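Dear colleague,

I am passing on the structure below for your files. My notes on it follow.

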Amino acid sequence: MAACLANTSASTPCAYPPKTTKNHQRIKGKPEYSAFSISVTTSLSLSIEMQSTAFRLSPPLPSLRSPSLHSRRSGAGYDAVRASAVAGSPDDVPPGLAARCFPPRRWSSVSPSSSSSSSRLRPWSGVGGFGCEREARSRSREARATSVPEAAGDGEKSGSVARTLELGLLFGFWYLFNIYFNIYNKQVLKVYHYPATVTMVQFAVGSVLVLFMWTFNLYKRPNVSRSQLVAIVPLAVVHTLGNLFTNMSLGKVAVSFTHTIKAMEPFFSVILSAMFLAEIPTLWVVGSLVPIVGGVALASLTEASFNWVGFWSAMASNLSNQSRNVLSKKVMVKKEESMDNITLFSIITIMSFIIQFPATCYLEGFKFTPGYFELAAKSGLNVKQVLVRSLLAALCFHAYQQVSYMILQRVSPVSHSVGNCVKRVVVIVSSVLFFRTPVSPINSIGTGIALAGVFLYSRVKKIKPKPKMA
């Protein structure tokens, strides 16, 4: 029978055993076969041989073992043969075997022409192993989770470096614009003795820049209510007076001396805050005012370009600027009326131009018309140079004010005060070098003492008095 089944392709027909009946007698010495048993045996043999010729079986599966033995080794009642032979999703793995990674078991047939001895089931290695995808995804998530803190740390570090560089550039522009403003402004005021007109031009250029930024959305245009405008008017008045007095001082005395006097701003700030805001200064703050006042007095006694008009103009500028700060605290106290510093400065600039224009016409007349400049040119005034430097001074004036408020939005008021103190030192030194201002040793010592007092004031201002125990 086996030989006949092995040669199914042969032309010679196979002789099958004759059918028997129930009453058939046993042949002596041989077992008796019923018709049912012979038929089943024949069918099973034929099926096995056909599978042998059509498939190749892979090497014996390691998981084909006793289920009880596998259960004892794996610690779970799970059929390893079924797990390795049935196609399943990684999510179908029982909880007890979720961490196991089973080898792939997909079966593919080989050519029927292969020899029967080597024709067996062959696994298809192209399919991912059972449970391996879940393990791979888990390891990938762990790797990503491990790398997240490192990436976050690198991001924070690079962000901190970028913010530091940005802040450094802002401070540099703040000092640079301030230096050029004082230089160009002084050059104009030396030959064009109309500080009110110069101040009006500066406010006019600033107003044009503000309107330009609002028109092209370079900065958000504010929605200002009528109550806010009413509250801002006093701030604009003192802001106008502060800049007017500064230009009057710069036209009479040296730039270095004007800024030495303006170092007394903390003195006026403490007095006005105590008078109108009921802010009692600490002993540390009062102590820091002593070197400021003493240094300014010493520098004034030895200043070569000393002039009483220039001196009192600088003092009036200190009073006006600090009054603006006190008024902003006292008037702009409601949350709905508050606004950011750049927007407030922009509105104040436009209002200051509106205030300064009629005041200039009343105090100095129309000294900015083409007819006046034609007459001035005949008297030896370089009109083109005056106009260009006036425009540059106005641009630098508005630019350093804007940058100053941008810095104030990024640092604390104390840090901004320290930066302002350093700015004053830079302006004094640069003006002395540029204009070759004669400075005596005592004058230098007085200026240094005053600036040291300003720095000390900016440091001790944040020290708050201890609350009194009941």
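**Cysteines**

The count of disulfides in this model, which is predicted, comes to zero. Two cysteines count as buried: cysteine 396, because its relative accessibility is 11%, and cysteine 421, because its relative accessibility is 6%.

**Largest nonpolar core**

The largest nonpolar core has 22 residues. Those that touch the most other members are Ile261, Met264, Ile292, Met315 and Tyr457. Six helices each give two or more residues to this core: H8 (255-261), H9 (265-276), H10 (283-301), H11 (308-331), H15 (413-435) and H16 (441-460). H16 supplies the largest share, five residues.

What does isoleucine 292 contact, apart from its neighbours within four places in sequence? Its partners are Ala263, Met264, Pro266, Ala450, Gly453, Val454 and Tyr457.

**Helices H6 and H12**

Two packed helices are described by the angle between their axes and the distance between the axes. For H6 (residues 195-215) and H12 (residues 341-363), the axes come within 8 Å and the crossing angle is roughly 145 degrees. This crossing is left-handed.

On the H6 side the residues in contact are Ala196, Thr197, Thr199, Met200, Phe203, Ala204, Gly206, Ser207, Val210, Leu211 and Trp214. They meet Ser346, Ile347, Thr349, Ile350, Ser352, Phe353, Gln356, Phe357 and Thr360 of H12. Sorted by class, the contact between H6 and H12 holds 11 nonpolar residues, nine polar ones and no charged ones.

Regards

Notes:
Residues are numbered from 1 along each chain as its sequence is written. This is a predicted model: local features need pLDDT of at least 70, side-chain atom pairs count only at pLDDT 80 or more; totals for chains, interfaces and linings use all residues. Side-chain values use heavy atoms; hydrogens and water are left out. A nonpolar core is a set of buried Ala, Val, Leu, Ile, Met, Phe, Trp, Tyr and Cys residues joined through side-chain atoms within 4.5 Å. Buried means under 20% relative accessible area, exposed over 50%, partly exposed in between (1.4 Å probe, protein chains only). Helices (H or I, at least four residues) and strands (E, at least two) are DSSP runs, numbered from the N terminus. Contact means heavy atoms within 4.5 Å. Axes are lines fitted to C-alpha atoms, for helices over the stretch in contact, and angles run from 0 to 180 degrees between N-to-C directions. A crossing is left-handed if the near helix is turned anticlockwise from the far one by less than a right angle, and right-handed if clockwise. Ala, Val, Leu, Ile, Met, Phe, Trp, Tyr, Cys and Pro count as nonpolar, Asp, Glu, Lys and Arg as charged, and the others, Gly among them, as polar. A disulfide is a pair of cysteine sulfur atoms within 2.5 Å.
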